[in-house]
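Open the model in your viewer and keep the selection panel at hand. The tour starts at the ligand, then moves on to the strands and a helix.

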Amino acid sequence: MTKTQASLRPYDVVLVGGGIMSATLGLLLKHLEPTWTIAVYERLPELAGEASDPWNNAGTGHSGLCELNYTAELPDGSIDIGRALTVNEQFQQSRQLWAALVEAGILGKPETFINPVPHMTLVHGKTDVDYLRRRFETLSENALFGSMRFSDDPAVIGEWAPLLAQSRDPGEPIAATRDVTGSDVNFGALSKQIFTYLKSVDVSINPRCEVRGMRRNNDGSWQLRIHQHTDNDRFTHKVDARFVFAGGGGWALKLLQKAGVPEARGYGLLPVSGRFLRCDNPEIIARHDAKVYGKAPVGAPPMSMPHLDTRVIDGERALLFGPYAGTNPKFLKNGSILDAPGSLRPHNIGPLTSMLASNLPLVWLLTKQLTATRKKKLAALREFAPEAVMDDWTMITAGQRAQIVKGEPGRRGVLEFGTEVVAAHDGSIAAVLGASPGASTAPAILLEVLARCFPSYQRYWAPSLRELIPTLGSSLAGDAALARHTTSRTAEILGLTAPLRD
Ligand SMILES: Cc1cc2nc3c(=O)[nH]c(=O)nc-3n(C[C@H](O)[C@H](O)[C@H](O)COP(=O)(O)OP(=O)(O)OC[C@H]3O[C@@H](n4cnc5c(N)ncnc54)[C@H](O)[C@@H]3O)c2cc1C
């Protein structure tokens, strides 16, 4: 039987969920307002057990170095690099924050959560080789991409990443770019280290506590109904909070819907589970040190860009290849099969159905991937590593993606691939929806949460935020000297590869 306990003391801030988003927001708020009371409620027994767990994501420190979806080819043949610059700048903010935390002793040795792994892009065929060359020429003019190198010589590509070039048809045009400043990030370890610190400064961390309901108090604060379970017992208690961060990952929308936040109207989610092939064969792992991204099939969304990734998790190296789409109506790996049907509302059914109707190539691709035989899966891997054999690889299920579907005027639904902040008009509750670039750019995303929810504090907080992220307010993309100085400094502190000299 569930017992009901009296309301606990009110908090200034309640962070729902124990992933990288709540960890980062808790850290920022504790730095800015050390006297504010903060509590974290996580439904699982472990923190960072969902999308932030290192085996549930690809660990790419997304910074536009290798992902083709951040650059678009314009009708005149030029390359629009605006999105790549933005993502890179945001990742530089992450690096600055993590460097400040390492220097302060809040995070442990950098190699426990971030490791240098070159980022590469690999393309096949004359048209894509030409596109990659033009993309490289445009990007490498900017100091943030000054370490990028291009080659269409299989011998050079083979030196960069031997698995890519072995036994490849010599008549097939291929090209690659490589940037040695790239990284692999263990977002699970990062989150846990931040939570350990937060606990040491009196943040109340509560695993096995699920937020089941939320309602407004008369004074505009929130009352959360929390269901706690121990090995032998279950309790329900209530907690008041001035500000709630609904950091539930795939369940963030559900939390906003429970709270009746009008700003969440029109949003729906498309669940897609990520499956990867994992290789633990030390001989193969030793021959690959890169995150190599390819091109998504025609009509496919960026989340299906195939990549062959070096992972460094708890000091061990492994290789991942994927993603292969899986089907599952859950919004969290440990969610419920009722997640997708339960999220349907009169205001998001129209956008969801119109999105599916106007994205038939996506529906077709998902169906094709779901029905792909072992042979077809191997063929996709062999586009990257022609000598791969299935015996060296095991299929694993990674995290669950909950891709945003947003209703536009006229109720047309659009599938969004970024990460989006949704906040109530009075700033008392906010959430982050979507996935990529997600965890990599968590600090930039949460600075947006702070700006939207605490506008009157911004001027007063700015100097404290610059202690953590010194370039805040400056443009690295527009200041080559600052970009070089900042990337060199964070590379040194985080044990990453320094930018190459011209
Ligand atoms: C397959 C895949 C690959 C990815 N690859 C990358 C990558 O290479 N690079 C990158 O930067 N990002 C990547 N991402 C995205 C990244 O993993 C996410 O952006 C990030 O982990 C989200 O963090 P979060 O804290 O919002 O969510 P989560 O880590 O999912 O944390 C949310 C937490 O909230 C808890 N929770 C939910 N509801 C409640 C409730 N009601 N009460 C209490 N607790 C609750 C959950 O149990 C969970 O622990 C990938 C994601 C997937 C799925």
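## Stop 1: the ligand

This is a predicted model. Select Met-21 together with the ligand. A backbone N or O atom of Met-21 sits 3.1 Å from a ligand oxygen atom. Add Glu-42 next. Here the contact comes from the side chain: one of its N or O atoms is 2.6 Å from an oxygen atom of the ligand. Then add Ala-51. A polar backbone atom of Ala-51 lies 3.1 Å from an oxygen atom of the ligand.

Now switch on surfaces. How much of the ligand's area does the protein bury? Taken alone, the ligand exposes 1000 Å², and the protein buries 97% of that.

Colour by secondary structure. Three elements give two or more residues to the shell around the ligand: helix α1 (20-32), strand β12 (209-216) and strand β19 (393-407).

Expand the selection to the whole shell. The ligand has 37 residues around it. The closest are Glu-42, Ser-52, Thr-60, Val-211 and Ser-440. Colour the shell by residue class. You should get 16 nonpolar, 16 polar and five charged residues.

## Stop 2: strand β18 and its partners

Select residues 316-326, which form strand β18. Is this strand largely enclosed or open? Nine of its eleven residues are buried, so the rest of the structure largely encloses β18. Buried here means under 20% relative accessible area.

Show strand β15, residues 267-279. β15 pairs with β18 in the antiparallel sense, over six bridges. For one position to label, pick Gly-274: Ala-325 in β18 stands opposite.

Now show strand β17, residues 307-313. β17 and β18 also run antiparallel, and seven bridges join them. Label Ile-313 and Glu-316. Glu-316, in β18, is the bridge partner of Ile-313.

Zoom in on the turn. β17 and β18 form a hairpin with two residues between the strands. Which sign does phi take at Asp-314? Asp-314 has a positive phi, near 50°.

## Stop 3: Lys-376

Select residues 374-382, helix α12. Lys-376 is found in this helix. Is Lys-376 buried or exposed? Its relative accessible area is 60%. The cut-off for exposed is over 50%, so Lys-376 is exposed.

Finish with a distance. Pick the C-alpha atoms of Lys-376 and Val-421. The two residues are 45 residues apart in sequence. In space, their C-alpha atoms are 38 Å apart.

Methods: Residues numbered from 1 in each chain as written. Predicted model: local features only at pLDDT ≥ 70, side-chain atom pairs only at ≥ 80, totals over all residues. Heavy atoms only, no water. Near = heavy atom within 4 Å. Polar contact = N/O pair within 3.5 Å; in protein donor to acceptor, adjacent residues only side chain to side chain. Areas by Shrake-Rupley, 256 points an atom, 1.4 Å probe, with all protein chains shown as cover. Helix = DSSP H or I, 4+ residues; strand = E, 2+ residues; numbered from the N terminus. Nonpolar A, V, L, I, M, F, W, Y, C, P; charged D, E, K, R; others polar. Buried < 20%, exposed > 50% of the residue type's maximum accessible area, 1.4 Å probe, protein only. Pairing = 2+ DSSP bridges.
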